[in-house]
Amino acid sequence: MKEYDVIAMGELLIDFTMNGKNERGNTIFEACPGGAPCNVLAMLSKLGRKTSFLGKVGQDFFGRQLRNRLKDVGIDTSCLYEDKLVPTTLAFVHTLMEGDREFSFYRNPGADMMLVEEEVFEEYICQAKVFHFGTLSMTHEKVKRATKKAVELAKKNGLLITFDPNLRSPLWESLEDAKEQMNYGFLKCDVLKISDNELQFVSGKENYNEGIKCLQEKYKIPLIFLTLGKGGSRAYYRNICVEEKAYNVPTVDTTGAGDTFCGNVIHYVLQYGIENLTEKKLREILTFANSAAAIVTTRKGALCSMPTQQEILELIKKEKRI
């Protein structure tokens with residue numbers, strides 16, 4: 001028996017999201033726990049999965065707050081390390097028209113970058129069924145080596161590997177380096193979740209199907225999920241392509257929508273595996289994941305705002321789609 005369903009590795013930070021203005025016209029920001037890998041785990045925990053996080057925060061107020069919030073949502077923190085010298089990473093999320101976002105990161109350095117190889121242990125990694133990661137833990141050399149050690153240990157021990165690039169351009173010294181680390185993830189993953197703009201960036205193709213075909217032919221990724229924002233999502237599996245529309249909800253903040261989608265996808269992958277998927281099962285996955293992602297956009301923040309299974313199913317029943 002495995003101790004965990006999913007271990008995720010990467011960034012854990014505070015998202016300061018816009019929350020109106022005070023009487024003097026100054027913007028008010030709300031401190032929300034965040035970081036893509038932990039958002040994914042929070043969704044999985046909400047669905048009853050056993051989860052654990054591998055990462056690092058500062059030995060400061062924000063680091064303590066993040067550890068406590070992970071515990072609150074049911075994520076194991078036994079491998080959440082603390083750095084005595086480097087503070088917890090912060091991100092200010094500026095909400096634009098229709099819920100789109102612009103990020104300002106305070107991470108030069110940030111504690112999430114300080115994780116090292118010596119803090120990644122095989123006996124921990126092998127206790128999971130799935131290992132999930134992104135590219136933000138590969139922006140700098142030390143944490144990149146730690147990430148690749150974890151991925152290789154996951155491969156060695158037969159874990160299913162899921163990957164979400166979660167490209168954040170301001171955090172890379174070079175977009176060519178970002179593309180190189182994305183390529184590493186494509187080579188190692190069994191399940192890929194990628195957004196429309198990330199696909200176009202890495203493939204150089206405007207047409208989504210052509211871009212996916214490039215990834216399939218070059219990297220032989222068994223299962224790919226493409227998120228299209230208001231356009232819904234698609235699943236690509238062998239010769240099957242399935243598309244489901246998005247749900248029409250009053251959007252407040254799109255932060256964490258892709259992570260919520262990803263968490264639901266991993267939940268179903270744990271349930272069905274990736275060997276004998278059918279069009280019906282793929283449609284079921286997309287429908288459920290689209291509904292969950294839509295709900296989280298109606299709330300501020302992500303990690304502490306994940307929907308319940310009942311809420312997801314209720315929105316599906318309403319059939320309000322764009």
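Biologist: On the two sides of strand 4, are Thr-51, Phe-53, Gly-55 and Val-57, and Ser-52, Leu-54, Lys-56 and Gly-58, buried or exposed?

Modeller: In this predicted model, local features need pLDDT of at least 70 and side-chain atom pairs pLDDT 80 or more, while totals for chains, interfaces and linings use all residues. Residues are numbered from 1 along each chain as its sequence is written, and side-chain values use heavy atoms, without hydrogens or water. Strand 4 covers residues 51-58; strands (E, at least two residues) and helices (H or I, at least four) are DSSP runs numbered from the N terminus. With buried meaning under 20% relative accessible area, exposed over 50% and partly exposed in between (1.4 Å probe, protein chains only), the residues on both sides are all buried.

Biologist: Which residue of strand 4 is the bridge partner of Met-9?

Modeller: Strands pair if DSSP finds at least two bridges between them. Strand 1 (residues 4-9) runs parallel to strand 4, with four bridges joining them. The partner of Met-9 is Leu-54.

Biologist: Which residue of strand 5 stands opposite Ser-52?

Modeller: Strand 4 and strand 5 (residues 75-83) run parallel and are joined by seven bridges. Opposite Ser-52 stands Asp-76.

Biologist: Why does Ser-203 count as buried?

Modeller: Ser-203 is found in helix 6 (residues 196-203). Ser-203 counts as buried because its relative accessibility is 17%.

Biologist: How far is the backbone oxygen of Leu-199 from a polar atom of the side chain of Ser-203?

Modeller: The side chain of Ser-203 also has a polar atom 3.1 Å from the backbone nitrogen of Lys-205. For the backbone oxygen of Leu-199, the distance is 2.7 Å.

Conventions. Polar contact = N/O pair within 3.5 Å; in protein donor to acceptor, adjacent residues only side chain to side chain.
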